[in-house]
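Work through the exercises below with the sequence and the structure at hand, and try each task before reading its solution.

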Amino acid sequence: MDRYRIRPGKKFKLDEFSPDETGDFEGKKQKGIEKFETFRSEIDKLQEVMYSENKHRLLIVFQAMDGGGKDGTIRAVFDGVNPQGVKVASFKTPSAEELSHDYLWRIHAKTPKKGEIVIFNRSHYEDVLVVRVHNLVPKDVWKKRYQQINNFEKQLAEEGTTILKFFLHISLDEQKERFMERLDVPEKNWKFNAGDLEERKLWSEYMKAFEEAIAKTSTEWAPWYVVPANRNWFRNMVVSSVIAETMKSLKMEYPKPDIDVDLMKKLLADS
Ligand code: ATP
Ligand code: MG
């Protein structure tokens, strides 16, 4: 899955990444789904250990265009985890209160504590994406944010937070199909906003903003993965693989019991 990881310092062109690609799994959807199931159950088990160990923090950022599959990915990948130790934070248009603080204020407040996985559905990256595309702040303000974000994420990492960032990359055509489905299926109508059509017109502006954001903020301590996301099964497989591998690399362990288990057993049997 390394090929989807953006290396810091290397030239990065978004149009060199195809949203359609399925890597080594071309024509092997069933195999991809099986792999995904394996990674997913690994994540479930690793999360148990993470929660019990109460040592590491894991922050997972999802960004995508509308219809990119953020919700679907989160639902699929974290299907079996213990909800005690996993939280989702969704970042919508900032409230007046949030806007009266700096843009990282609401973000920092939601970062994970020890033993916890926090999933960001949208994030501080909106402050260099939608904010840039719509000129919500002047250019000289958002330009400085890449460095600020790197510093912020570095501080989190140095304090023990593992950070993974996923851009779910769909095509303009795929978005149209997904929007059409949202309009065709009554149960999905609620997912469609009239504003989505306006944003769609700004597709190439958004791609430019994503490209620069990813190029400037994929770091050793907080890497970006550009995930081909036109096929849900492949997207789920890539995301779950990166998360499972990363969690494995933390070498987590269940805490050692601070009780004498044999003695407790004996006392319990006699009770
Ligand atoms: P769905 O994919 O289901 O539509 P969503 O994440 O798009 O879910 P919405 O309520 O439709 O949720 O949209 C949230 C909106 O909030 C997005 O348009 C996003 O760009 C906007 N937003 C998030 N953060 C900021 C920010 N910092 N400044 C301005 N707008 C923001
Ligand atoms: Mg939306």
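**Exercise 1.** Find how far a polar side-chain atom of N193 lies from an oxygen atom of ligand 1, and then look for further polar contacts of the ligand.

*Solution.* In this predicted model, the distance between a polar side-chain atom of N193 and an oxygen atom of ligand 1 is 3.0 Å. A polar contact requires a pair of N or O atoms within 3.5 Å, so this pair qualifies. Turning next to E126, an N or O atom in its side chain is 3.0 Å from an oxygen atom of ligand 1. For D127, the partner is a nitrogen atom of ligand 1, which lies 3.1 Å from a polar side-chain atom of that residue.

**Exercise 2.** Describe how ligand 1 is covered by the protein, and state which elements and which kinds of residue make up its shell.

*Solution.* Begin with the ligand on its own, which has 630 Å² of accessible area, and note that the protein covers 82% of this. Two or more residues of the shell come from each of the elements α2 (70–77) and α5 (130–133). Sorting the shell residues by kind then gives eight charged, five nonpolar and two polar. Of the 15 residues around the ligand, the ones that come nearest are K92, T93, R122, E126 and N193.

**Exercise 3.** Determine the order of the strands in the sheet, and identify which strands form its edges.

*Solution.* The open sheet has five strands, paired in parallel, and their order is β2-β3-β1-β4-β5. Since β2 (86–90) and β5 (224–228) each pair on one side only, these are the edge strands. From one strand to the next, the twist averages 20°. At the β2 edge, five bridges join β2 to β3 (residues 117–121), and V86 has I117 as its bridge partner in β3.

**Exercise 4.** Work out which strands helix α7 lies across, and at about what angle to β4 the helix runs.

*Solution.* Helix α7 (residues 145–158) lies across β1 (57–64) and β4 (161–169), and its angle to β4 is about 135°. Helix α11 (residues 232–249) also packs on the sheet, where it touches β1, β3, β4 and β5, and its direction makes about 170° with that of β4.

Notes: Residues are numbered from 1 along each chain as its sequence is written. Chains are lettered from A and ligands numbered from 1 in the order in which they are written. This is a predicted model: local features need pLDDT of at least 70, side-chain atom pairs count only at pLDDT 80 or more; totals for chains, interfaces and linings use all residues. Side-chain values use heavy atoms; hydrogens and water are left out. A residue is near a molecule or strand if one of its heavy atoms lies within 4 Å of it. A polar contact is a pair of N or O atoms within 3.5 Å; within protein, one must be able to donate a hydrogen and the other to accept it, and residues adjacent in sequence count only if both atoms are side-chain atoms. Accessible areas come from the Shrake-Rupley method with a 1.4 Å probe; for residues, only the protein chains shown count as cover. Helices (H or I, at least four residues) and strands (E, at least two) are DSSP runs, numbered from the N terminus. Ala, Val, Leu, Ile, Met, Phe, Trp, Tyr, Cys and Pro count as nonpolar, Asp, Glu, Lys and Arg as charged, and the others, Gly among them, as polar. Two strands pair if DSSP finds at least two bridges between them. Axes are lines fitted to C-alpha atoms, for helices over the stretch in contact, and angles run from 0 to 180 degrees between N-to-C directions. Contact means heavy atoms within 4.5 Å.
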